[in-house]
Amino acid sequence: MPSPLSGGTEKKERKALPPLARSPPFSAFGVSLDSSVFSPEDSWRARRYQMRRLGLGVGADVLAFAVTAAFLAFAPRGGWPWAGGLPPLAGALYLALMLAARAGATLPLDYLSGFRLPHSAGLSNQTPGGWLFDQAKGFALQLILGGLAAAALIWVMMVRPAGWWWVAGLLGGGLGAVLALIGPVLLAPLFFRFKPISDSVLADRLAALLRRTRARVRGGVWEMDLSRKSKAANAALVGWGPSRRVVLSDTLLAEYTGEEVEAVLAHEVAHQLGRHIPQMLIVQGALLFSGLYLAEWLLARPAGLGWMGISLPGSSEPASLPAVWLTLSVWGSVWTPVLRAHARRLERGCDAFAVENTRGTGGLASALEKLCRKNLADPSPPRWVVGLFHTHPAPADRIRWARQRESRE
Ligand SMILES: [Zn+2]
């Protein structure tokens with residue numbers, strides 16, 4: 001799963017995953033490792049970097065939300081007859097304008113967090129042109145996928161004025177599943193180049209781990225050329241079915257020992273054995289369905305929010321798009337802390353699996369420590385930051401726990 005470090009199969013294979021009950025509780029947030037591992041200067045530098053990054057990210061999200069709300073409040077209502085009298089086309093054009101306004105408003109903050117900040121910390125290798133090109137490709141993808149989704153939503157609202165939420169939910173859930181399927185094969189290569197791992201000794205070692213743990217990673221283990229853009233290292237389990245694969249960055253493969261890479265792969269394998277990707281898709285689908293139900297309920301009561309000074313458009317007109325978007329955003333945000341807490345529990349279970357399946361190497365603690373240092377991750381972020389934003393337990397907590405566990409193996 002995409003992560004700073006970051007899974008299902010047959011019943012007998014699932015036994016290999018330690019039950020969550022055996023994972024330690026998340027009681028150690030915010031603890032510091034001893035200063036021989038991270039000096040106070042290192043920790044302070046990482047804290048400052050990560051808090052700036054977080055501030056810029058939250059700022060961009062708030063700005064994008066405000067732009068979407070402005071569309072709901074000020075953009076013309078009605079059927080947008082200049083779209084040739086085709087409501088789905090009007091919806092796609094409306095969404096394109098909204099996405100362009102959002103991107104324009106957040107571009108300066110995105111530039112600071114995505115380019116300037118990592119450069120000033122010595123973490124990025126990207127040129128300004130390369131960064132802009134990536135932004136342009138990302139925006140083009142948003143336009144194509146968002147335009148299709150908007151056109152489909154307006155069409156569904158037209159043909160099914162009552163009960164459109166569940167048809168739209170089915171279509172949206174289907175689109176999410178297709179994107180998760182084709183993402184690693186068709187979309188990720190727009191940004192990175194991939195190749196099978198070239199180091200044959202390491203490849204054999206990783207293949208042995210996959211056999212030992214009976215993990216079915218049908219797409220195999222791939223190397224990603226992250227070093228063209230960044231000095232950070234990363235690993236992820238992505239895709240499902242035939243596209244399910246583990247991706248390891250070339251920076252990880254070049255700078256980490258065989259034991260460390262094996263432990264990182266074992267952690268990713270645990271995501272696969274635990275069926276974490278299908279689980280995530282189901283949870284996201286449930287959020288989408290319930291959020292769309294809420295949006296339909298609101299749009300059916302145009303005067304319902306009048307006491308807040310908000311007038312809602314009727315459904316099936318393009319102006320309903322920002323209303324649906326905002327409802328889904330707020331609904332998703334409400335659930336985010338709960339989902340994050342669940343994700344952190346899963347990550348802890350994957351760490352436990354990695355330690356058990358790489359016995360005696362000490363690879364996990366050492367890999368986590370290196371990843372934290374090289375990625376300039378904050379070893380002990382404030383508890384509220386972990387609670388609200390982090391999908392992984394605090395690195396210092398993970399490292400100390402892995403070290404204790406490895407010393408017992
Ligand atoms: Zn993970």
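**A four-stranded sheet and a long-span check on helix 9**

Strand 3 and strand 4 make a hairpin, with six residues between them, and Gly-239 in the turn has a positive phi of about 75°. Strands here are DSSP runs of E with at least two residues, helices are runs of H or I with at least four, and both are numbered from the N terminus. The model is a predicted one: local features need pLDDT of at least 70, side-chain atom pairs count only at pLDDT 80 or more, and totals for chains, interfaces and linings use all residues. Residue numbers start from 1 along each chain as its sequence is written.

Overall, the protein has 13 helices and four strands. Buried residues make up 36% of its 409 residues. Buried means that 20 or more other C-beta atoms lie within 10 Å of the residue's own, while 12 or fewer makes it exposed and anything in between partly exposed, with C-beta atoms placed from the backbone.

Back at the hairpin, strand 3 and strand 4 pair antiparallel over four bridges; two strands count as paired if DSSP finds at least two bridges between them. Ala-235, for example, has Leu-248 in strand 4 as its bridge partner. Strand 3 is covered on both faces, since Ala-235 and Leu-237 on one side and Ala-236 and Val-238 on the other are all buried.

The hairpin belongs to an open sheet of four strands in the order 1-2-4-3, with mixed pairing. Strand 1 and strand 3 are the edge strands, each pairing on one side only. On average, neighbouring strands of this sheet are turned by 30° against each other, direction ignored; the axes behind such angles are lines fitted to C-alpha atoms.

On its other side, strand 4 (residues 245–249) runs parallel to strand 2, joined by four bridges. Here Trp-222 is partnered with Val-247, and Met-224 with Ser-249. Strand 2 (residues 221–224) is in turn joined to strand 1 (residues 194–196) by three bridges, this time antiparallel. Lys-195 has Glu-223 in strand 2 as its bridge partner.

As for the helices, helix 9 takes in the 24 residues 276–299 and should span 34 Å at 1.5 Å a residue, which agrees with its end C-alpha atoms being 34 Å apart. The expected span is 1.5 Å times one less than the number of residues. Several residues of helix 9 are buried, including His-276, Leu-288 and Leu-299. Their cover includes helix 5 (164–187), strand 3 (235–238), helix 8 (258–273) and helix 10 (320–357).

Key. Two residues are in contact if their C-beta atoms, placed from the backbone, lie within 7 Å. Axes are lines fitted to C-alpha atoms, for helices over the stretch in contact, and angles run from 0 to 180 degrees between N-to-C directions.
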